[in-house]
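Take a look at the chain below. The paragraphs that follow walk through its features step by step.

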Amino acid sequence: MAQKLSIILMGRRYDISLLEAHSGVQEQCAWLHNGNIDIKDLLKAYIEKCQEYAELESQIENLSNQLEEWL
């Protein structure tokens with residue numbers, strides 16, 4: 001299985017490593033073996049996941065602020 005994805009966007013190189021990822025990641029990314037990777041689909045999935053984490057972080061921050069107000 002590929003251990004990292006390397007891409008160059010607008011002259012900058014980005015590496016996404018799977019070496020120290022959660023153990024389930026390598027199983028879920030087994031499709032990397034076939035070599036038919038559409039970089040746009042992979043980047044879209046990555047950006048969507050980043051958006052989910054950003055929204056979750058914002059919600060946690062809002063809850064934390066509300067808890068501080070209530071206490």
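How many salt bridges does the structure hold? The structure, a predicted model, holds one. The partners are Glu 52 and Lys 49, whose closest N and O atoms are 3.1 Å apart. That distance satisfies the cut-off, because a salt bridge requires the side-chain nitrogen to be within 4 Å of a carboxyl oxygen. Side chains of opposite charge can pair when their charged atoms come close.

Where do the two partners sit? Both Glu 52 and Lys 49 belong to helix H2, which spans residues 39-70. Three residues separate them along the chain, about one turn of the helix. Are they buried or exposed? Glu 52 has a relative accessible area of 44%, so this residue counts as partly exposed. Lys 49 is partly exposed as well, at 38%. Both values fall in the partly exposed class because that class lies between 20% and 50%.

Now step back to the whole fold. The chain contains two helices and two strands. Read from the N terminus, the order is β-β-α-α. Strand E1 covers residues 4-9, and strand E2 covers residues 12-17. Helix H1 takes up residues 23-28, and helix H2 residues 39-70.

How does confidence vary over these elements? Helix H2 has the highest confidence, with a mean of 87. Helix H1 has the lowest, with a mean of 65. Over the chain, the mean pLDDT is 76. Of its residues, 66% reach 70 or more.

Turn next to the strands. Ser 17 is part of strand E2. Its C-alpha atom is separated by 6.4 Å from that of Leu 5, although the two residues are twelve positions apart along the chain. Ser 17 is partly exposed, because its relative accessible area is 44%.

Leu 9 lies in strand E1. What does Leu 9 make together with Met 10 and Tyr 14? The three residues make a nonpolar surface patch of about 360 Å². Leu 9 itself is partly exposed, at 39% relative accessibility. This value allows Leu 9 into the patch, because patch residues need over 30% relative accessible area.

Finally, consider the chain as a whole. Its accessible surface comes to about 6,400 Å². Carbon and sulfur atoms account for 54% of that surface. Of the 71 residues, 11% count as buried. Among contacts with a separation of 6 or more, 31% link residues 24 or more positions apart.

Technical notes. Residues are numbered from 1 along each chain as its sequence is written. This is a predicted model: local features need pLDDT of at least 70, side-chain atom pairs count only at pLDDT 80 or more; totals for chains, interfaces and linings use all residues. Side-chain values use heavy atoms; hydrogens and water are left out. Helices (H or I, at least four residues) and strands (E, at least two) are DSSP runs, numbered from the N terminus. Buried means under 20% relative accessible area, exposed over 50%, partly exposed in between (1.4 Å probe, protein chains only). Patches are made of residues with over 30% relative accessible area and no salt bridge: like charges are joined within 9 Å, nonpolar side chains (Val, Leu, Ile, Met, Phe, Trp, Tyr) within 5 Å. Accessible areas come from the Shrake-Rupley method with a 1.4 Å probe; for residues, only the protein chains shown count as cover. Contact means heavy atoms within 4.5 Å. pLDDT is the predictor's confidence in each residue, from 0 to 100.
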